[in-house]
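Q: Before we look at anything in detail, could you take me through how the features of a model such as this one are read?

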Amino acid sequence: MRFTSEQRLDDGVLEREFILGEIPGTLWTPGSEPAPLILMAHNNGLPKGDSRLVARARRSAAYGYAVATIDAAGCGDRPRSPADEQTRADLRRAMRAGEPVDEIFESLVGPLVEGAVPEWRTTLDALLALLEIGGPVGYSGWTAVGIRLAVAEPRIAAAGLFAGGFVPRAQREEARQVTIPLLFLLQWDDEGNPRQRALDLFDAFGTKEKTLHANLGGHTGTPWFEAEDGNRFFGRHLK
């Protein structure tokens with residue numbers, strides 16, 4: 001892991017950009033003491049520099065967590081294959097035409113998850129070697145990746161998942177194997193995520209400690225107080 005830039009923010013949080021092989025990422029750390037780590041992922045190829053993700057990360061770092069995000073394979077500014085670009089074009093066309101899009105989403109999101117999870121695990125190995133990160137580890141964000149990490153990565157102790165975004169069939173099945181504490185956020189009027197499908201997914205999770213927070217509004221309308229509730233959730237399980 002090589003740090004390429006750093007800046008001290010007004011609240012004392014240290015923000016650093018890094019490169020790990022071909023993986024670009026950002027790490028926020030709250031101070032000199034080793035801090036629990038939250039891996040923070042955005043949905044379906046959005047960049048690590050997305051303003052909503054950065055705002056969430058900075059709030060969590062100010063709360064006392066180390067927070068890291070990456071542009072996984074095919075995400076952000078990283079190259080996308082011609083097949084991925086064609087699938088995205090097919091998706092846009094189908095949505096404009098009002099046609100069914102589940103199978104197109106499946107062919108797009110499934111490979112994104114398969115490519116992202118190994119890179120998140122490689123990043124986690126490097127982060128836990130840093131003196132300023134003491135563990136344990138939480139995950140926040142993209143539900144499909146969070147499900148796979150919760151099943152495949154025993155170092156993930158708790159997860160906050162956003163119900164928005166398509167979850168492939170493989171991860172809907174894997175949800176039954178998830179046993180860590182979960183906080184599941186649902187926007188009741190999310191135009192891109194059928195409400196009943198999200199509720200069915202919440203019901204499928206195998207963990208005995210799961211909480212559903214539902215708020216009125218569309219996909220990007222999650223209230224900011226949910227960020228504070230999320231920090232308290234991680235406080236119960238990471239500190």
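A: Let us begin with ring pairs: the rings of Phe, Tyr and Trp (its six-membered ring) pair if their centres lie within 6.5 Å, and planes under 30 degrees apart count as stacked, over 60 as edge-to-face and the rest as tilted. In this structure, Y63, Y65, F233 and F234 form one aromatic cluster. Please keep in mind that this is a predicted model, in which local features need pLDDT of at least 70 and side-chain atom pairs count only at pLDDT 80 or more, while totals for chains, interfaces and linings use all residues. Residues are numbered from 1 along each chain as its sequence is written, and side-chain values use heavy atoms, with hydrogens and water left out.

Q: How many aromatic pairs does the structure hold, and why is the pair of F184 and F202 stacked?
A: The structure holds seven aromatic pairs. In the case of F184 and F202, the ring centres are 5.9 Å apart and the planes stand at 25°, so this pair is stacked. The pair links distant parts of the chain, since F184 belongs to strand β8 (residues 182-187) and F202 to helix α6 (residues 195-204), 18 residues apart; helices (H or I, at least four residues) and strands (E, at least two) are here DSSP runs, numbered from the N terminus.

Q: Are F184 and F202 buried or exposed?
A: The general scale is that buried means under 20% relative accessible area, exposed over 50%, and partly exposed in between (1.4 Å probe, protein chains only). F184 has 1% relative accessibility and therefore counts as buried, and F202, at 17%, counts as buried too.

Q: What kind of aromatic pair do F233 and F234 form?
A: F233 and F234 form an edge-to-face pair, with 5.2 Å from centre to centre and 65° between the planes. F233 is buried at 3% relative accessibility, and F234 is buried with a relative accessible area of 4%.

Q: Where do charged residues such as D50, R88 and D229 lie?
A: D50 lies in the loop between β4 (35-41) and α1 (51-62), and with a relative accessible area of 16% D50 is buried. R88 is found in helix α2 (residues 82-97) and is likewise buried, its relative accessible area being 12%. D229, by contrast, is placed in helix α7 (residues 225-238) and counts as partly exposed at 22% relative accessibility.

Q: Which residues does D229 touch?
A: A contact means heavy atoms within 4.5 Å. Not counting residues up to four places away in sequence, D229 touches L183 and H213. Separation in sequence can also be set beside separation in space: the C-alpha atoms of D229 and I38 are 191 residues apart along the chain and separated by 15 Å, whereas those of D50 and E119 are 69 residues apart in sequence and 19 Å apart in space.

Q: What does the secondary structure of the protein come to, and why is the protein as compact as a globular protein of that length?
A: The secondary structure comes to seven helices and nine strands. The radius of gyration is taken over C-alpha atoms, and the globule rule is 2.2 Å times the number of residues to the power 0.38. For this protein the radius is 17 Å, close to the 18 Å that the rule gives for 239 residues, so the protein is as compact as a globular protein of that length. Its C-alpha atoms fill a box of roughly 55 × 40 × 30 Å along the principal axes, and buried residues make up 52% of the 239 residues. Among contacts between residues at least 6 apart in sequence, 67% join residues at least 24 apart.
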